[in-house]
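Hi,

Here is the structure I promised to pass on. Have a look first, and then read on for what turned up in it.

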Amino acid sequence: GRRIVFASARSGDATEIWVAASDGSNAQQLTHGPGRWQGSPRFSPDGRHVAFDSLSAQGNLHIWVIDSDGGSPRQITRDAGDQNVSSWSHDGQWIYFSANSGHGRDIWRVPATGGRSEQLTRGGSGWFACESADHKSLLYQPSSFRDGPVVAIPKTGGRAQQVVACARTGAF
């Protein structure tokens, strides 16, 4: 709660990831690439790392992680297509993200250190997912481009259950 992380083109170059004090002071540019632009930054639960997506020269988005104090970013996803809009598991062991596997956008996860990605939802499950406050479920919106329900799927597997009937896209 002492710092915020955000994407900005304030440097005049590409959109990059920045960190600042919670009152907005002392803004410092965290990334200088790796891609044409960086976005969707999220602090890890312990505040030591930032996950973000980066647009490669080939036109694909991938998830990267950088130390919240700076350093060299590490590429986490390498699958074909786009992987973007990340969020962290409560224990910092996993990074959830959205990817299009050819059948619409679904929610996936990958170990925070990198490795093999696992598909968690099927049939088009939107752009963003996050863990519930009790850490037992994954919340997401099945519709990507319009207001709709927020649903929860148990992290141990099972059927999705509606939590909220209608919310603005990505506004939960």
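How far apart are the mean positions of the positive and negative charges of the protein? They are 4 Å apart, taken over 17 positive and 15 negative charges. Bear in mind that this is a predicted model.

Now for the overall build. The protein has 15 strands and zero helices. Its radius of gyration is 16 Å, and a compact globule with 172 residues would have one near 16 Å, so the two agree. If you draw a box along the principal axes, the C-alpha atoms fill roughly 45 × 35 × 30 Å.

On to the inside and the outside. Of the 172 residues, 45% are buried. The accessible surface comes to about 9100 Å², and carbon and sulfur atoms hold 48% of that. As for contacts with a separation of 6 or more, 25% are between residues 24 or more positions apart.

One sheet is worth finding on your screen. It is an open sheet of four strands, ordered S4-S5-S6-S7, with antiparallel pairing. Strand S4 (37-43) and strand S7 (74-75) stand at its edges; each has a single partner strand, so one side of each is left without a neighbour in the sheet. The partner at the S7 end is S6 (residues 61-67), which runs antiparallel to S7 and is joined to it by two bridges. To spot the place, look for Trp64, which stands opposite Gln75 in S7.

Cheers

Technical notes:
Residues numbered from 1 in each chain as written. Predicted model: local features only at pLDDT ≥ 70, side-chain atom pairs only at ≥ 80, totals over all residues. Heavy atoms only, no water. Rg over C-alpha atoms; globule rule 2.2 N^0.38 Å. Buried < 20%, exposed > 50% of the residue type's maximum accessible area, 1.4 Å probe, protein only. Contact = heavy atoms within 4.5 Å. Areas by Shrake-Rupley, 256 points an atom, 1.4 Å probe, with all protein chains shown as cover. Lys, Arg positive; Asp, Glu negative; His and termini not counted. Charge placed at Lys NZ, Arg CZ, Asp CG, Glu CD. Pairing = 2+ DSSP bridges.
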